[in-house]
Amino acid sequence: MGQDEMPIKSAEIVRMFSLAGALLLCSGVVYATPITYDLTGVTTNAGSLTGTVSIDSGTGRVTAADITFNDDAVGDPVFSSIGRPNSYNLLGQDYISGPSNSSLNWGGQIALYYDISDLGSDTLPICLLGGPCGTEHSQGSYVQAYVSSGLGGPYWVTGGTLTQVSLLTSPTPAATPEPRSLLLLGTGIILMALLMARMSGRKTAKELAE
């Protein structure tokens, strides 16, 4: 009976490691990568806009922002709170709001529209009023400041682009293994299982029980 147990245990070891290898191969899910863009030469009919936005490479939606509206008249508000990110017909859009440290206003927001047809390229066009953006028309980006005087906009964006400055890896996992790496890892596990099974077949049933 001891001799009959050895192939059974060997087969169990092979199945266990083969299953582990298969799970690793199947777990190679591609994670969307946020891409950081710098606001380059972005102007309005009041002040300029400077800062960065991070856009999800899979959905085309803004995931983080830090944008300053450089206009002393309204207190230079900073926009960093993501509002209603969306994307459709090759058009990305978001409302990014934030407070101001100035007594001149209570913050504001930017309605940011951008063309995502070339998402991942060096630059993305910012949509301007009256012009096509993606497959849409008249989706102009603008800034609104909340002021008591009623002079807070909207201030329409008149020019500028989003210029890629870096790629951010997904925090979990830190790096996504390539399919080739996963295949090699899985093959190594299976070969190791076969070797262990062969070695275990040389042992007695008593040794296996221990």
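Okay, let's start with the disulfide. C127 and C133 form one, with their sulfur atoms 1.7 Å apart. Keep in mind that this is a predicted model, so that distance is a computed value. For the chemistry, a disulfide is a covalent bond between the sulfur atoms of two cysteines. The count for this model comes to 1 disulfide. Which hand does the bond between C127 and C133 have? The torsion about the S-S bond is about -70 degrees, so the disulfide is left-handed.

Now, are those two cysteines buried or exposed? C127 has a relative accessible area of 1%, so C127 is buried. C133 comes in at 2%, and C133 counts as buried as well. Both cysteines also turn up in a nonpolar core, and I'll get back to that one.

Let me step back to the whole chain for a moment. We have 210 residues, and 34% of them count as buried. The protein chain has 3 helices and 13 strands. The accessible surface is about 11800 Å², and carbon and sulfur atoms hold 59% of that. If you take the contacts with a separation of 6 or more, 55% of them are between residues 24 or more positions apart.

On to the cores. In soluble globular proteins, nonpolar side chains tend to be buried together. Here, the largest nonpolar core has 26 residues, and the ones that touch the most other members are L49, V53, I96 and L162. Which strands feed this core with at least two residues each? Those are β1 (34–44), β2 (48–56), β3, β8 (108–115), β12 and β13.

Take L162 from that list. Outside its neighbours within four places in sequence, L162 is in contact with Y37, D38, L39, V53, I55, Y114, D122, T123, L124 and I126. So what about the other core? There is a second, separate core of 7 residues, and among them are A111, Y113 and our two disulfide partners, C127 and C133.

That brings us to β8. How many of the residues of β8 are buried? It's 8 of 8, so to speak a strand that is mostly covered. In a regular strand the side chains alternate between the two faces of the sheet. In β8, G108, I110, L112 and Y114 point one way, Q109, A111, Y113 and D115 point the other way, and all are buried.

What does β8 pair with? There's β7, which runs antiparallel to β8 and is joined to it by 8 bridges. Then there's β12, also antiparallel to β8, with 4 bridges. On the β12 side, G108 has A145 as its bridge partner. On the β7 side, Q93 has Y113 in β8 as its bridge partner.

Let me stay with Q93 for a second. Q93 sits in strand β7 (residues 91–98). With a relative accessible area of 13%, Q93 is buried, because the cut-off for buried is under 20%. Beyond its neighbours within four places in sequence, Q93 is in contact with R84, P85, N86, Y88, L112, Y113 and Y114.

For contrast, have a look at A64, over in strand β3. A64 is at 35% relative accessibility, so A64 counts as partly exposed. Not counting residues up to four places away in sequence, A64 touches T52, V53, S54 and I82. If you want a distance to check on screen, the C-alpha atoms of A64 and I35 are separated by 10.0 Å, and these residues are 29 apart along the chain.

Last topic, the aromatics. A pair of aromatic rings is described by the distance of the centres and the angle of the planes. The count here is 3 aromatic pairs. In one of them, F69 and Y155, the ring centres are 5.7 Å apart and the planes are at 35 degrees, so the pair is tilted. That pair links distant parts of the chain, with F69 in strand β3 (residues 62–70) and Y155 in strand β13 (residues 155–167), 86 residues apart. Both F69 and Y155 are buried.

Another pair is Y142 with W156. Their ring centres are 5.2 Å apart with the planes at 65 degrees, so this pair is edge-to-face. Y142 is in strand β12 (residues 142–145) and W156 in strand β13, 14 residues apart. Y142 is buried at 18% relative accessible area, whereas W156, at 28%, counts as partly exposed.

How values were computed
Residues numbered from 1 in each chain as written. Predicted model: local features only at pLDDT ≥ 70, side-chain atom pairs only at ≥ 80, totals over all residues. Heavy atoms only, no water. Disulfide = S-S within 2.5 Å. Buried < 20%, exposed > 50% of the residue type's maximum accessible area, 1.4 Å probe, protein only. Phe/Tyr/Trp six-rings, centres within 6.5 Å; stacked < 30°, edge-to-face > 60°. Contact = heavy atoms within 4.5 Å. Areas by Shrake-Rupley, 256 points an atom, 1.4 Å probe, with all protein chains shown as cover. Core = buried A, V, L, I, M, F, W, Y, C linked by side-chain atoms within 4.5 Å. Pairing = 2+ DSSP bridges.
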